[in-house]
Amino acid sequence: MLYIIIAILIFGILVATHELGHFVAAKLSGVRVNEFAVGMGPALLKWGRGETRYSLRILPIGGFCALEGEDDDSADPRSFGRASWWKKIVILCAGAFMNFVTGVVIMAVLYAPAVGIRAEVYGGPLEGYNTENCGLLAGDRFLSVDGHRVLVYGNARFFLDRAGETIDFVVERDGQRVELKGVHLPYQERTDGEGNYTRLRGLTMTSTVDPINFPGKLGYAWKTSIDLVRTVWISLGDLVTGAVGLRDLSGPVGIVDMMGQVAANPELSPTPLDVARNFAELAALIAVNLAVMNLLPLPALDGGRVFFLVLNGVLYGLFRKKIDAKYEGYVHLAGLAALMCLMLAVTLSDVGKLFGR
């Protein structure tokens, strides 16, 4: 129950932060905001300031920002519908921007106590794999693997595992940038004589620790957040290509279960402080995930609304016509229904995985 409450609070704060982004952008753009609410359901507290009503509601599961003329045709010259196209895009994208900023802030707080940051370094060849002449030298620091920048610790191994047989590397060697093109490193299988197989490329990786100052911590928090964006895009690509399926997705039920597993694992969470840190890292991942997903050009999402704004701009420029708002509303309604069905399917899958253990 504790993990359920924590998960609800995390989701609620992140959704409220998302709506805060819309609110701030609307205010700065001169668009009328009728109400800004933290939480959902019946209001516990209401107050007004100027033209906007504010409310604190009983259910901590998000919030909303009600803009004048957002869903209907309002004659108010300060309505959302009558704002310029670029103001609409800024307001729509501001929610995702705030989610991303939240992820950066969480990571900056987590890195604040750090005195050093680990970096991946080539350790040398494995015996029996014929990789002694691959071009890498022990001590090379990985900067890029298979065309992907190494932003944070773990990137080099991750992209090495996903790469094909021929890989391009960029490394730092004795302070110099060295490019290695077309390094042939196929996977090779080995057995320990007892039928246990390992599949390796014949390389070893070690790490070094670099001292870090305050600006460096902020920079590393930024890189970590960018890496989370990249991870979300890679996951979406794997979903589209079929590399992962529905059972590999997780919704709120799966996240709560994951939190319980992390907290119960003495290696991952030996102390309550480690539990809190792991939960904060999960919150940062969810925040960045929300930012990316909301900007996808899909109906019912902010990205879908931006897509229609751009499409209508193109159509008006070419043919002096726009898509009727009624039909756009139907598309978003259908998209919302599809999204709800997907969430239901993922939730049922998560429940099935719990009972299938």
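These notes walk through some local features of a predicted model.

1. **Aromatic pairs.** Start with the rings. Counted by distance between ring centres, the model has nine aromatic pairs. One of them joins Phe23 and Tyr54. Their ring centres are 5.9 Å apart and their planes stand at 75 degrees, so this pair is edge-to-face. The cut-off for that label is an angle over 60 degrees.

2. **What the pair connects.** Phe23 belongs to helix α1, residues 2-29. Tyr54 belongs to strand β2, residues 52-67. The two parts are 31 residues apart in sequence, so the ring pair ties them together. Are these two residues buried or exposed? Phe23 is buried, at 12% relative accessible area. Tyr54 is buried too, at 16%.

3. **A second partner for Tyr54.** Trp47 also pairs with Tyr54. Here the centres are 5.9 Å apart, but the planes are just 15 degrees apart, and the pair is stacked. Trp47 is partly exposed, with 45% relative accessibility. Look at the wider group as well: ring pairs link Phe23, Phe36, Trp47 and Tyr54 into a cluster.

4. **Charges over rings.** Two arginines deserve a look. Arg118 lies over the face of Tyr153, 3.9 Å from the ring centre. Arg201 lies over the face of Tyr187, at 4.2 Å from the ring centre.

5. **Two helices in contact.** Two packed helices are described by the angle between their axes and the distance between the axes. Apply that to α5 (residues 252-264) and α8 (residues 325-355). Their axes come within 7 Å and cross at roughly 35 degrees. Which residues make the contact? From α5 come Val253, Gly254 and Asp257. From α8 come Thr347, Asp350, Val351 and Leu354. The contact of α5 with α8 is mixed in character: three residues are nonpolar, two are polar and two are charged.

6. **One face of α3.** Helix α3 covers residues 155-162. Asn155, Ala156, Phe159 and Leu160 are buried there. Seen down the axis of α3, these residues fall within an arc of 125 degrees, so they line one face of the helix. The general background is simple. An α-helix has 3.6 residues a turn, so residues three or four places apart point the same way. What do the buried residues of α3 pack against? Their partners are strands β3, β4, β5, β6 and β10, along with helix α4.

7. **Val275.** This valine sits in helix α6, residues 272-294. Val275 has a relative accessible area of 16%, so it counts as buried, the cut-off being under 20%. Leaving out residues up to four places away in sequence, Val275 touches Ala263 and Ser269. Asn265 is ten residues from Val275 in sequence, and their C-alpha atoms are 9.5 Å apart.

8. **Two positive phi angles.** Most residues other than glycine have a negative phi. Check Asn130 against that. Asn130 is not a glycine, yet its phi is positive, at about 55 degrees. Where is Asn130? It lies in the loop between β3 and β4. Asn130 is exposed, with 69% relative accessible area. Now take Asp174. Its phi is also positive, about 55 degrees, and Asp174 is not a glycine either. Asp174 lies in the loop between β6 and β7. Asp174 is exposed, with a relative accessible area of 78%.

Definitions and conventions. Residues numbered from 1 in each chain as written. Predicted model: local features only at pLDDT ≥ 70, side-chain atom pairs only at ≥ 80, totals over all residues. Heavy atoms only, no water. Phe/Tyr/Trp six-rings, centres within 6.5 Å; stacked < 30°, edge-to-face > 60°. Helix = DSSP H or I, 4+ residues; strand = E, 2+ residues; numbered from the N terminus. Buried < 20%, exposed > 50% of the residue type's maximum accessible area, 1.4 Å probe, protein only. Lys NZ or Arg CZ within 6 Å of the ring centre and 35° of its normal. Axes fitted to C-alpha atoms, helices over the stretch in contact; angles between N-to-C directions. Contact = heavy atoms within 4.5 Å. Nonpolar A, V, L, I, M, F, W, Y, C, P; charged D, E, K, R; others polar. Arc of directions from axis to C-beta.
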